[in-house]
Amino acid sequence: MRISEIAVHRIAIADPPLRSSYGLHQPYALRTILEIKSDDGITGIAETYGGEAPADALEKLRPRLIGANPFRLTGTLADMVEGKGSGDARSQTMLVPGENPLDATARTYSAVETACLDLIGRATGQPLCDLIGGRVRDAVPFSAYPFYKHAGGGGEGDDKREDEYGEALSPEGIVAQVRQLIAKYGFKDIKFKTGVLDPDIEIESVRALRKAFGLPVRMDPNCAWSVETSIRVGKELREELGSATGGYLEDPTASISGMTAVRRALLDAGCNVPLASNVAVTCFADLPQAIREDAVQIVLCDHHYWGGMRQVQHLAKICATWGLGLSMHSNSHLGVSLMAMAHVAAATPHLSYACDTHYPWSQAKDEIVVGGRIKFVEGSVVIPEKPGLGVDLDHDQLARGRERYAKCPYRKRDDTAEMRKHVDPNWERLLPRW
Ligand code: GKR
Ligand code: MG
């Protein structure tokens, strides 16, 4: 079997005004859909980061892909898997995920790998998770992912969307948002995006969530705090985020050494709130220092930027060996990414937390898989008994996504620009802010 054709689709999907320490989500999130066709007429698909740079990188790869054997991918594209650099330079501290040039090749490789595995799954009649070692679970649990949010449902002009969740800029608002998410999807864990309001209000929000639902809460301020503030919040929330609850504190402060300082102070205070990361630790080269210094106790994997699904499985093995937990990171996405996340999670024994997903923030109108939205059963995605990823592209919907992209005025994610437009014309991303 040889690759005979590739197609790269740039699409835009409505995204509500969610807040994080990066700023404010724009009314559209950008995604790229990749199709890889074989000379025997089978097509594999993948979804990755959007905008011009990720799509151009895939287009540039065309000469290396056409004629290549999809079974021999690692050999063909070995130079791309790891990306470049490590530590602060490679981190997602200042750049939103998907915008870091140092992990660009790992991201591109991942999209190609996913599409090839989907292709191979379709050619052999096997679900993707069963090609990469076989599933250890038939259903993959995901978390409710509440965000502080302004009023609005995303989209612009004639395409403005209904606001299903409403504004949430207080502890009560967050509890109401999570109530809706749980009622609709059945989630059993809560990953809470913070780093937006004064830490005392965010502490109150975590307490309100624990009180209202009694579920594990994981708090992620994306480096908005100094080491001192991180230590204070960790101490104050020792009960609510403690390891016994299944909670953790994710990237409270920037850099591996910052996380080390927080961890040491929390342990000295007898406070076992584990620290997780998808900002300080983003590649294999970050692991030696992070493990040596006990900077993080949980790593968030993400096949989209860790260099693909098999790299995630290697990461899981390293985490298991060194006694670290493994969780899964997410960014705004549709059903193709969701199914890829579910397949890799299904085939990764050492996955110690329910995965993150932004899927509830996307809408049926934008979904590009045949049959519409992927269903959740009690917070989990069930692996379908179908070959490959188990989902097909709806080409009419894909065309609508391309039209939205053509009309959309921007070509990369920029949460600072959106913050300046709608909240504060002088807004800067200050780290630490508190
Ligand atoms: O969607 O604003 C967002 C998140 O802040 C996202 O970009 C982060 O990458 O969810 C992510 C995280 O866990 O850091
Ligand atoms: Mg995070």
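How far from an oxygen atom of ligand 1 does a polar side-chain atom of Asn-278 lie? The distance is 3.1 Å, which fits the cut-off for a polar contact (a pair of N or O atoms within 3.5 Å). The model is a predicted one, with local features needing pLDDT of at least 70 and side-chain atom pairs pLDDT 80 or more, while totals for chains, interfaces and linings use all residues. Side-chain values use heavy atoms, leaving out hydrogens and water, residues are numbered from 1 along each chain as its sequence is written, and chains are lettered from A and ligands numbered from 1 in the order written.

Two other side chains also reach oxygen atoms of the ligand. For His-25, an N or O atom sits 2.7 Å from an oxygen atom of ligand 1, and for Lys-193 a polar atom is 3.3 Å from one. On its own, ligand 1 has 350 Å² of accessible area (Shrake-Rupley method, 1.4 Å probe), and the protein covers 100% of that.

Around ligand 1 there are 17 residues (a heavy atom within 4 Å), with His-25, Tyr-145, His-329, Asn-331 and His-358 the closest. By class, the shell splits into four nonpolar, eight polar (Gly and His go here) and five charged residues (Asp, Glu, Lys and Arg). Domain 1 (3-125 + 400-407) and domain 2 (131-389) each supply at least three of them, with bounds from an automatic or database assignment.

As for cavities (sets of points on a 1 Å grid where a 1.4 Å probe fits but cannot get out), five are of 30 Å³ or more. Ligand 1 sits in the second largest (more than half of its atoms within 2 Å of the grid points).

Key. Polar contact = N/O pair within 3.5 Å; in protein donor to acceptor, adjacent residues only side chain to side chain. 1 Å grid on protein atoms, 1.4 Å probe; cavity = no way out; pocket = protein on both sides within 12 Å on 5 of 7 lines; lining within 4 Å. Points joined across faces, edges and corners; volume = space filled by probe spheres on them.
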